[in-house]
Structures are given as structure tokens and as C-alpha cells.
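Visitor: I have a model open and want to talk through its cavities and overall build. Can we start with what lines the smaller holes?

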Amino acid sequence: MQEQEKLLKEIMQPDVEFTPIPFWFFNDTFEEERVKNQLADYVEKGVNGIVLHPRIGVPKEMPYLSEAYFAAVRFIVKTAAELGMKVVLYDEGMYPSGSAHGMVVESNPEFASKGIILLDEEKAKAKLAAEKSAKVIAELSDGRKIVYGFNGGTIRGIHFGEDDGQPGAPKAADILNPAAVDEFIRLTHDRYYEELKEYFGTTVIAFFTDEPSALGRSSRGYKSWADGMEKEIEAAGGKREDLEALFVKTGKTVAGRSDIAHTVENPTVLIYRQLIKKKLRDIFYARLSNWCEEHGISLIGHPAESNDIEEELYFHIPGQDLIMRRVSPETGGLREFDSVQAKLSADIARHLGRRRNANECFGVCYRNKIPWYMTGGDMKWYIDWLGLRGVNLYIPHAFYYSVEGERKGERPPDVGPNNIWWNHYRKFSDYMKRLSYLMTDSVNGAEFAVLCDNNRVPYEEIACLYENQIEFNYIPAALLEQADVQDHSVCIQGYAYKGVLNVLGQTYEERFRGKLGELLWTVPAKGAEESEAVLARVNEALQEISGKGAGNDEGGTGKRTVGVRGVKLAVSCETLRKIVLKKQGVDMILFGNEGAEVVSVDVTAPGLKNPLFIDLWKGKCYRVEGAGETFHLSLQPSETVLVVSGAEETLEAGDGSASVEYRKADWYLAEYPDWTNRFTLVEKTENKAVYHMWYNSEKAGEKVQFAVNGEEMAECFCNGEFVDVSFFGEHRFDVSAFLREGENEIRLVMTGNAANIYENAGIEFGLK
């Protein structure tokens, strides 16, 4: 009982530890009052931390890492400390990380980024003559040469004129050169510590590193290379001339993305891939990770690709980057290349024993190629998508310090203070906190793991598992090597899997059959039928282990004690997601609807007792008449519900912060009559439309609820009092508590998308 009351209170009022920590684009002239006001406003909206991220727009009078720059940084961190906020420092000006805004190269021109390129004889000769340090790695039979030398890579800077392709773009550093990386750390990390050491470990909690690249940007035709690597490749059995395959486009590509995981390559290229990534980890990631650990903070951020695995092992808070609508509500987010990222980083954190995992989310996730055209409904969908996969630290991209002039066009949209929903942002921040709280210090009900490896993470083959509400956790091969096999289970960090699914092929069958025996479930590649084969094999295995004490506990013992298992649906619901959780000894099920239609289905959950239902978005708890191991689930699009097992009839949060409603079994059939046509337009401005109607009530508090159809944000007022706000879907309102006897005025304020403000996009808004 005490555990359940404590859990309920913490769900309703989660600790500030679980705050979203947005990228704060520090991109304009530093003004103390402006900083104070913005950060205080963030706290008021439930945002208790920032990533202090210098971006394009910083005036040139404030050079990166200068005394003027650090005067601003010191004030920002001091102000955050006074407000009880946390600060994550960003390690570059601007990205990718590793160059200190070109200062590494300024300290030594030999530290500029390098790579290999395939050139004809004349061009190779010219490059060798122009660069003293350039050298030939391989000579091909047709006279062409693979040459190692400067690649001209740059990064995006923080001043106007320093963007990609512009003359002032800072030079990228060679982060495969240990001396260059040491210089980077000396210039950035050491200097930040010198200036802010009294805040380290308290206000300053982490350093963010952002998709480090050995080539930088704008270096077409080059491939990453470390000096002397040709000898290591030959020692491993490779041939220099076979590196030609690096420059030949073969195999399947994904929207112009890296085709690392999609090509059948010759042995030399495979050796190269493994070696170059190992060098990046050893030379760059390991140094940053060690520095952060030695200085009492965490390494946070993300690698370059969504299926990078072994890089994540160096992060104290593993993370990824959900950008550019590469995973989208329109498709459901299951079969894109990037669809692995949230689940992968969360599961790596689970198997490393890390409490938190992060995602830099919403970046340039706009619609129809219109900058700023991202909706509140989109943001809610992405929050759910991440949380249902285990993400428990949201890093919204981004909150802008300034949207003056060109700044508003630098990787929009602003998803915080400069968007239409800011006055109501507490709904989003509280919701992210609740999901983050649930996904921290809890275990899920995965009965088995799916084997993956660096840049080889199954996604299309296992989409069927999501669609059939079958839980799994990714387990990287590097961590599977460290797992123990005990009591017919694969045990790691408190998880004890009854099997490991291998869809990666024969190499992994040979690698792990001896260790796992019958616990390795290999599904041979069968082309289009592979997904069906996966589902059949998993269902067969789950039937075999059913009733054998399956589950997990958060104590790290390897015992499997999650109490709610074998959840069944009366009909198939491909867009429904289900996560079984155990936290503080309490069993729960989290359901989410990732589709565009209502999910309505009877659910049977063996072991579920006296369920309490929690609407995490609205912060409401309710019971349903007759609900037990079987109950009806009804979810609108982008709706989630948490079902808590074993709750007592009298359960309430100890401080009265949450009360429990009682609903009839058919509560979900409650009607919200369409009142769209009952409203009259009062005024319409550039991006806002105001409507009203009169309602004659026979008595105060009469039960009245209604729906309207329109775009985009709908705010409802009754007799001058704010009722509620709706960001997406059919806008539903309940005005019962605001009605008085006689005539009542109900007003609706419809606000259009921010793209209308910043892009003059002309996107339709108002009641339909």
C-alpha cells in the first residue's frame, strides 16, 4: 500500500530530476536580464535544466572560449544554480564535436582533418606536391591512387558567415589523431572546468558531445583514415588495393544515408570498417568519457548514426538523435532505418546498468518541407514514441534564446518559448517527466532479447513484434559476450532472458551457439518472409516458456518477478504498443496508440489485480467498474494509459495531489456532440481566430461536454475562465464545472501553426 501511494504521488508530481533538458540555442548578444527572465520562465513551465548550446548568431565580439564568452557562461550557470536548474555543457561551437570552433587547427595546422581519396594520376600528383604530409596508401593497376591527406573538412560555427559552404566555416580537426584530441580537451573541457569547477557535479551534470566526425562536414569524396592504418589492415589480412571498394557505391542505400549496414563487402573493407570505428572510440570517445568521469560529471550526447552501438558504451548517459522526420507519425515509425535508435539506446543503458538514457528530439521535424511547420500533435506523438521505447531523458531541439533576423531560420522549429504552445508548455513538460520517471529504475517485461551488433541492428524483421505487442530488448553482441548463462536464462544486469533471437546470419550463429546452446533462436534469412518467420519462432518459444516464472526484477538478482505477463488482445491492433513495467515493487502496464485511428479492444492481463488507470497526459486517475484481469481499452490517436496492478480501493496520493475517479464500464462511449457549427466567429487576426456561443444551463454544474473540429491549438473558456487546451485530434472539452444557471458564454480561441508567423506559410487554422 505504501509503495503504491508513493508511486502514485511521484507519477502525479515527478521530481525535477526527470525534467526535459532542452538545447538552449544561445545565439545572440548576451544580456543579463534577458537570461534571467528566460531561465525563470523555463522553470515556471516545468523545465528545470538546459543544454547550454552556442549557435549561429553569437556576435563576433564574443569569440568562442574568449573571456567575454566565459563571462556570459559563468552568469548563465550561476543563474541556473540559483533557480535550482541543471546545466549540460556543450563541447563545441557549433558541431560536429572535436574542433573547438577551429581552434585545434589554429594551434597546429597539422591537426586539420584528414582522410583518403581515390584520385587519377594527375590529381594525385598535384595533391602530393601541394601537401608535404600527403602520401600514397595504394596504387591501383589503372594508375589511380588512394591518397591520404587533408580533406578540407569544416564544422558549423557560431557566428554568421560560418555555416556549411561559407568562407568562415571553422576547420574541422583530425579526431583520429590523439594529439589533436588532447588539444581539443585542453581548449574546451579543461577551460570550462577552470571557469566553472565549483558547479561541477551539482549544477553542471554533463558534457554533451554531438555526432563526432573524423572528416567534419563538406568533404565529399573522402573516407576517414588514421595515419599508419594501412599497416594494421595488412596485419589483419587485408589488401591496400581492395580499399578501392570504399569509393564504389554498391548495395542498398537509405535516403542518401551511410550504407554501412547494407552492403556485402570484401574482407578488406570489413576490416577497415571495424578498425576505423575502433580508433574513433579509443582515441576520441574514451578520452572524453574518462575526462568526464574524473571530473564528476557524465558524458552525454550521441554518435553519428542511429545504429552505432559500441560508441554508446562510452556514454554515462547513452543517447541518440531523433531528427528530420526520419521517423514519422505518417509511417508509424517502425520500418525506417532510424527506427531502432530510441529502443537501442534505452536497452544499452539497461544492460550497462545506467539509470538514464537520452534523446535529442524534435530537431527539424517539420512537415511538407516548410520550416516551423511542426504541430503540437507531432510533438506529443514523438514524446510517446520515445517513452514507449524506454527513453527517460528528453532533450528537446530546441529552445531559442533569440529568433531575431536570420536566427529564426537556423534549424527550426523552436519547440518551446517561441512557439504557439508555450503558455501551456507545462502539459508537455509534466508529461515528459512522468514518462521519464516511469522508465527510470524500473524493469520491463521482455522475455527475450534481439541480437544486434555495431551498425547491424534489425528493424524491418522485428517490426512484427511491436505490431503484436511482444516485448523484447536489444542486446549488442559486445554485451552478450559478458552475459552469464544461468538456470536456462541469459542473465545481464537483472534481466534473465529465456532466449536471444538472431536474425543477423550464420556468423553470429557460429559465434554464440557454443555459449547459449538452445537459448540462441536463429531465424534464417528468408527475404520477404523473414518477418513471418521471426513471429512464428518467437511465438513458439514464448509458448514453450509460458508459465515458467518469467519476469524481471529491478534488484539485479536475475530472478524474473514481473507479475503481469501474457497480456492478450481480443482482436489484432497493429498500432497498439504495450510495455509491462515493475517499479518500486509495483506491477504496471503502459499502453500507447501510435496510429491514426482509435484503438478499442478487450484486454486480458493474467495477474492484474484491482487495476487503477492513469491518464499520464491529463494527470488523472480512475477506476473502471468491473475491471480486473479483463478490461476494455480505448485509446484515441496519440493517447497513452498506465494500468497499475494491485491498487487498494482507497488508494490516493498521500498529500491529496491526485484523486481517483470512478467510471462505468462503458465510460469510453461517452458522447462528445459536435458543436463546431454552433460557434460564431467573433474576430480573426493574422494567426488567431476567436469564436463564441451562448449556452443556457438549467442548473449550475450541469454535465456538458462537446467536441469541435479545427486547426490547430484550441483554447476553451467558459464565462471568462480558462477550461482547457487541446493541441491535436478532435478537440474535446468538458465545461461542466464552469457552468452557472442561466446563460453561459463559451469562447474558443484557435491559434494557427507557428509557420504562419515565421514563414508566412498560410497554413489553414480555425474551426472547420
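Guide: Strand β28 gives the largest share of the lining of the second largest cavity, four residues. Helices and strands here are DSSP runs numbered from the N terminus, helices being H or I with at least four residues and strands E with at least two.

Visitor: Before going on, what kind of model is this, and how are residues numbered?

Guide: This is a predicted model, in which local features need pLDDT of at least 70 and side-chain atom pairs count only at pLDDT 80 or more, while totals for chains, interfaces and linings use all residues. Residues are numbered from 1 along each chain as its sequence is written, and side-chain values use heavy atoms, with hydrogens and water left out.

Visitor: OK. Which residues line the second largest cavity?

Guide: The lining consists of F613, Y622, V624, H632, L633, S634, L635, V641 and W667. The elements giving two or more residues to that lining are β27 (620-624) and β28 (630-635). A cavity is a set of points on a 1 Å grid over the protein atoms alone where a 1.4 Å probe fits but cannot get out, and lining residues have an atom within 4 Å of a point.

Visitor: What volume does the second largest cavity have?

Guide: About 50 Å³. A volume is the space filled by probe spheres set on the grid points, which are joined across faces, edges and corners.

Visitor: And its lining by class, how many charged residues?

Guide: No charged residues, with seven nonpolar and two polar ones. Ala, Val, Leu, Ile, Met, Phe, Trp, Tyr, Cys and Pro count as nonpolar, Asp, Glu, Lys and Arg as charged, and the others, Gly among them, as polar.

Visitor: How many cavities of 30 Å³ or more are there?

Guide: Two. The largest has a volume of about 140 Å³. Its lining has 13 residues, and Y466, I470, E471, K578 and I579 lie nearest its centre. The elements that give two or more residues to this lining are α13 (463-467) and β23 (576-583).

Visitor: Which element gives the largest share there?

Guide: Strand β23, with three residues. By class, the lining of the largest cavity has six nonpolar, two polar and five charged residues.

Visitor: Switching to the whole chain. How many helices and strands?

Guide: The protein has 17 helices and 39 strands. Its C-alpha atoms fill a box of roughly 90 × 65 × 50 Å along the principal axes.

Visitor: Why does the radius of gyration agree with a compact globule?

Guide: Because a compact globule with 768 residues would have a radius of gyration near 27 Å, and the protein has 28 Å. The radius is taken over C-alpha atoms, and the globule rule is 2.2 Å times the number of residues to the power 0.38.

Visitor: What percentage of the residues count as buried?

Guide: 60% of the 768 residues. Buried means under 20% relative accessible area, exposed over 50%, and partly exposed in between, with a 1.4 Å probe and protein chains only.

Visitor: I'd like a buried example. Where is W381 found?

Guide: W381 is in helix α11 (residues 376-387). W381 counts as buried because its relative accessibility is 5%. Leaving out residues up to four places away in sequence, W381 touches V327, S328, P329, G332, G333, E594 and S638. Contact means heavy atoms within 4.5 Å.

Visitor: Got one in a strand?

Guide: V690 lies in strand β32 (residues 688-697). With 8% relative accessibility, V690 counts as buried. Beyond neighbours within four places in sequence, V690 is in contact with T680, L681, V682, E683, R747, L748 and V749. The C-alpha atoms of V690 and T680, ten residues apart along the chain, are separated by 8.5 Å.

Visitor: Any backbone oddities? Which peptide bonds are cis?

Guide: Among them are the bond from H397 to A398, with omega near 15 degrees, and the bond from E711 to E712, with omega near -10 degrees. A398 is in the loop between β12 (393-396) and β13 (399-400), and E712 is in the loop between β34 (710-711) and β35 (713-718).

Visitor: And phi, say for M324?

Guide: Phi of M324 is near 55 degrees, a positive value in a residue other than glycine. Most residues other than glycine have a negative phi, and most peptide bonds are trans. M324 sits in the loop between β10 (319-323) and α10 (341-352), and at 46% relative accessibility M324 counts as partly exposed.

Notes: 1 Å grid on protein atoms, 1.4 Å probe; cavity = no way out; pocket = protein on both sides within 12 Å on 5 of 7 lines; lining within 4 Å.
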